[in-house]
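Q: Could you take me through a close look at one part of this model, the place where two helices meet, and then at a strand and its partners?

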Amino acid sequence: MDKKVIKEYQDYINKIGNRKELYKTVADEYDIKTAIYPGSHIDIAPSMFIPKVIYIDNFKGAIKFFKQLDSIKEYIEENKEYSTPAEINFLGQDYNQPLEIEEVDLIISQYAGFVGQAAKDSLKIGGILLCNDSHGDASLAKHDQDYKLIAVIENNKIKKDNLDKYFKLANGKPVDIKQLKEKMKGLKYEKMAGNYLFRKVK
Ligand SMILES: C[S@@+](CC[C@H](N)C(=O)[O-])C[C@H]1O[C@@H](n2cnc3c(N)ncnc32)[C@H](O)[C@@H]1O
């Protein structure tokens, strides 16, 4: 195993914070077996809980990292929490370009733009979008008829009640979707969560 690539990953999670509990919570609750993670950079934690994950990123640092796929797989095999072999793939491309992949159970969207929109066709009907609103991806999903808000996540706990309290602006005005797309920045709502879960309903 190339220890340098594992050190690079560990340094990265020390910086971004540990997301393992978040991914485990979602994978367990919705019995997730396959996922894509557009704009993943080198956050490989989903593979600890989800047997098949495709990571997608066009940044050259991420492309270099995933060249060490054998070492990454070895590390995941040692640390994963399921018994089947891990399938890990990487696409070093713009996620807005067509993705030649089978439909998956989950899209992961974390701080990487409008992933839930760009990758929607790769999600099964009934599949889940896990996203935050850092760049406004959750706000777009909330206003997209193809998605239904089914839960929020706070401190790695899934909450399914009072969902109608989220995505409300203090001044009562509707969200300006055109402006949101231009600015690519989440809005300040009266009630907000760290992460949101949407189901693809059509
Ligand atoms: C701020 S980082 C977040 C990385 C990771 N999701 C996390 O939360 O730790 C955003 C990542 O998204 C990638 N990204 C942004 N737009 C992209 C696009 N259109 N296609 C592929 N990757 C993209 C960037 O290269 C970068 O690695």
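**A helix pair and a paired strand**

A: Happy to. In this predicted model, Val5, Ile6, Tyr9 and Gln10 of H1 make contact with Ser71, Ile72 and Tyr75 of H4. Sorted by class, the residues where H1 touches H4 are 5 nonpolar and 2 polar, with no charged ones. Two packed helices are described by the angle between their axes and the distance between the axes. Here, H1 covers residues 3–16 and H4 covers residues 69–79, and their axes come within 9 Å of each other, crossing at roughly 65°. The crossing of H1 past H4 is right-handed.

Now for the strand. S1 spans residues 34–38 and is mostly covered, with 5 of its 5 residues buried. If you turn the strand over in your viewer, you can check both faces: Thr34, Ile36 and Pro38 lie on one side, Ala35 and Tyr37 lie on the other, and all of them are buried.

S1 also has strand partners. One is S2, residues 52–56, which runs parallel to S1 and is joined to it by 5 bridges. To find this pairing on screen, start from threonine 34, whose bridge partner in S2 is lysine 52. Another partner is S4, residues 104–109, which pairs with S1 in the parallel sense over 2 bridges. For that pairing, look at alanine 35, whose bridge partner in S4 is leucine 106. Alanine 35 is thus a handy residue to select, being buried on one face of S1 and bridged to leucine 106 of S4.

Methods: Residues numbered from 1 in each chain as written. Predicted model: local features only at pLDDT ≥ 70, side-chain atom pairs only at ≥ 80, totals over all residues. Heavy atoms only, no water. Axes fitted to C-alpha atoms, helices over the stretch in contact; angles between N-to-C directions. Helix = DSSP H or I, 4+ residues; strand = E, 2+ residues; numbered from the N terminus. Left-handed = near helix turned anticlockwise from the far one by under 90°. Contact = heavy atoms within 4.5 Å. Nonpolar A, V, L, I, M, F, W, Y, C, P; charged D, E, K, R; others polar. Buried < 20%, exposed > 50% of the residue type's maximum accessible area, 1.4 Å probe, protein only. Pairing = 2+ DSSP bridges.
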